[in-house]
Amino acid sequence: MQRQPVVIANWKMNGNRQLAKQMAEALREEAGLLSQVQVVVCPPAVLLPAWQQHVFYDAVHLGAQDVNEFEHGAHTGEHSLALLGEAGAEYILIGHSERRQHYGDTDARISAKVNAVLNYQAQQLKVVLCVGETEAERETHQTTTVVEAQLSAALEQVTAAQMTHVVIAYEPVWAIGTGKTASPAQAQEVHRFIRSWLQQKYAAADTVPLLYGGSVKADNAETLFAEQDIDGGLIGGASLEPDAFVAICRAAV
Ligand code: PEP
C-alpha cells in the first residue's frame, strides 16, 4: 500500500513571526518536494495568522498543538476548534506526551478531543493522535500494552469512515527532546504492532499514516523513514531549523 509521506513540525512553545517567515521562505523553494510529501507545521496557535500571511500557497498545511474539547464558553486560556480552523489549522495534535504528563490530558479527555475534532461539522479537520511509552514502561516490557491502551481509549468511538481523517504518531516518551532516538528496528516493531492493531478493527487501516517522533534529525531521518510502516515523522527540535527541517522532509520521499 502506497501512502503519501507526512512530516509534521511541532514547534511547541517556540518560534516567532520571524521564524515563520524564514521557514515559509525555505519551504517555498521546495515546490517539487511539497508535491510529494504532506508537510504540516504546528506553530503556537498565536502564530497561525503569521503563517497564513506567509504561506500564500496551498502546499504547506497548518496544524494546532492541542484543542479544547468544548465548543466555546468559560475555558480561559483555551482554543476551540472554530478558532483554530478559522486561523488556518487543518490538523490537530492530540495526546502529545507533554500534555499527557503536565497538562491533564487523561485518556478520557484525549478521547473527548478526538471525537470533537472528527465530529466537527463546520470543517473537515484531521487528528494527529500521539501515543508512546515511558522509559520505565519500555524497560519493563510494557511498550505494546501501553500503546494499545492509549489507542483503544482514544479511538473507542471513532468509526471506520472517520479513521480516514486520523494520523497516528508513535513517540516514545524517552526519545522526545532527549537526543535518544529509537533505532529504526525498535520504531518499526511498534509501528508494525500499531498497523496490525488497526487492521483488526478498520478496513482502511492500511491508509492511516503512521509517523515516528522522538529526536528525529536530518542525519537519522532517512533510515527511520525507510522502514516499511513508518510513513514520516513528527519533528520537535529539528523543526525549528529551516535547513534541517527541509532535509528531514526530503528524507521522507
Ligand atoms: C515532539 O515534541 O513531538 C518531538 C518529537 O520532539 P523532538 O523531535 O525534539 O524529540
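Which residues is E171 in contact with, leaving aside its neighbours within four places in sequence? In this predicted model, the list runs to S97, C130, G132, I176, G213, G214 and L234. E171 sits in the loop between β6 (166-170) and α9 (184-201). With 28 C-beta neighbours inside 10 Å, against a cut-off of 20 or more, E171 counts as buried.

Before going further, a word on confidence. The protein chain has a mean pLDDT of 95, and 99% of its residues come in at 70 or more. For the complex, the predictor reports an ipTM of 0.97 and a pTM of 0.97.

E171 has a partner in the records. An unreviewed UniProt entry puts the label "active site" on H96 and E171. These two are spread over 76 residues of sequence, yet they cluster in space, with a largest C-alpha distance of 8.3 Å. H96 belongs to the loop between β4 (89-94) and α5 (97-102). H96 is buried too, as 26 other C-beta atoms lie within 10 Å of its own. Setting aside residues up to four places away in sequence, H96 touches Q65 and C130. C130 turns up again among the contacts of E171.

Next comes the ligand. There are 14 residues around the ligand, and I176, G177, G213, G236 and G237 come nearest. By type, this shell splits into 5 nonpolar, 7 polar and 2 charged residues. Two names on the E171 contact list, I176 and G213, are also among the residues that come nearest the ligand.

The same unreviewed UniProt entry type supplies a "binding site" annotation, covering N10, W11, K12, G177, S215, G236 and G237. Those positions span 228 residues in sequence, but no two of their C-alpha atoms are more than 13.8 Å apart, so they gather at one spot. G177, G236 and G237 appear in this annotation and also among the residues that come nearest the ligand.

Two of the annotated positions are worth a closer look. N10 lies in strand β1 (residues 6-10) and counts as buried, having 26 C-beta neighbours inside 10 Å. Beyond its neighbours within four places in sequence, N10 is in contact with C42, Q65, L93, L234, I235, G236 and S239. Q65 is thus a contact of N10 as well as of H96, while L234 is a contact of N10 as well as of E171.

S215 is found in the loop between β7 (210-213) and α10 (221-225). Its backbone is a bit unusual: most residues other than glycine have a negative phi. S215 is not a glycine, yet it has a positive phi of about 55°. S215 has 20 other C-beta atoms within 10 Å, and since 20 or more is the cut-off, S215 is buried. Not counting residues up to four places away in sequence, S215 touches A175, T178, G179, K180 and T181.

H141 also has a positive phi, about 60° in this case, and is likewise not a glycine. H141 is in the loop between α7 (135-139) and α8 (143-155). Here the surroundings are sparse enough to count as exposed, since just 8 other C-beta atoms lie within 10 Å and the limit is 12 or fewer.

Helix α7 is also home to R138. R138 is partly exposed, with 19 other C-beta atoms within 10 Å. Leaving aside its neighbours within four places in sequence, R138 is in contact with E133, T143, P172 and W174. R138 and Q150 are 12 residues apart along the chain, and their C-alpha atoms are separated by 15 Å.

Finally, the core. In soluble globular proteins, nonpolar side chains tend to be buried together. The largest nonpolar core here has 74 residues, of which I8, I92, V114, V127, V128, L129 and I168 touch the most other members. Once residues up to four places away in sequence are set aside, I168 touches L129, V131, I194, V208 and L210. L129 is therefore both a contact of I168 and one of the core residues that touch the most other members.

Notes: Residues are numbered from 1 along each chain as its sequence is written. This is a predicted model: local features need pLDDT of at least 70, side-chain atom pairs count only at pLDDT 80 or more; totals for chains, interfaces and linings use all residues. pLDDT is the predictor's confidence in each residue, from 0 to 100. A residue is near a molecule or strand if its C-beta atom, placed from the backbone, lies within 6 Å of it. Ala, Val, Leu, Ile, Met, Phe, Trp, Tyr, Cys and Pro count as nonpolar, Asp, Glu, Lys and Arg as charged, and the others, Gly among them, as polar. Helices (H or I, at least four residues) and strands (E, at least two) are DSSP runs, numbered from the N terminus. A nonpolar core is a set of buried Ala, Val, Leu, Ile, Met, Phe, Trp, Tyr and Cys residues joined through C-beta atoms within 7 Å. Two residues are in contact if their C-beta atoms, placed from the backbone, lie within 7 Å. UniProt positions are given in the numbering used here, feature names are shortened, and annotations may be inferred rather than shown by experiment.
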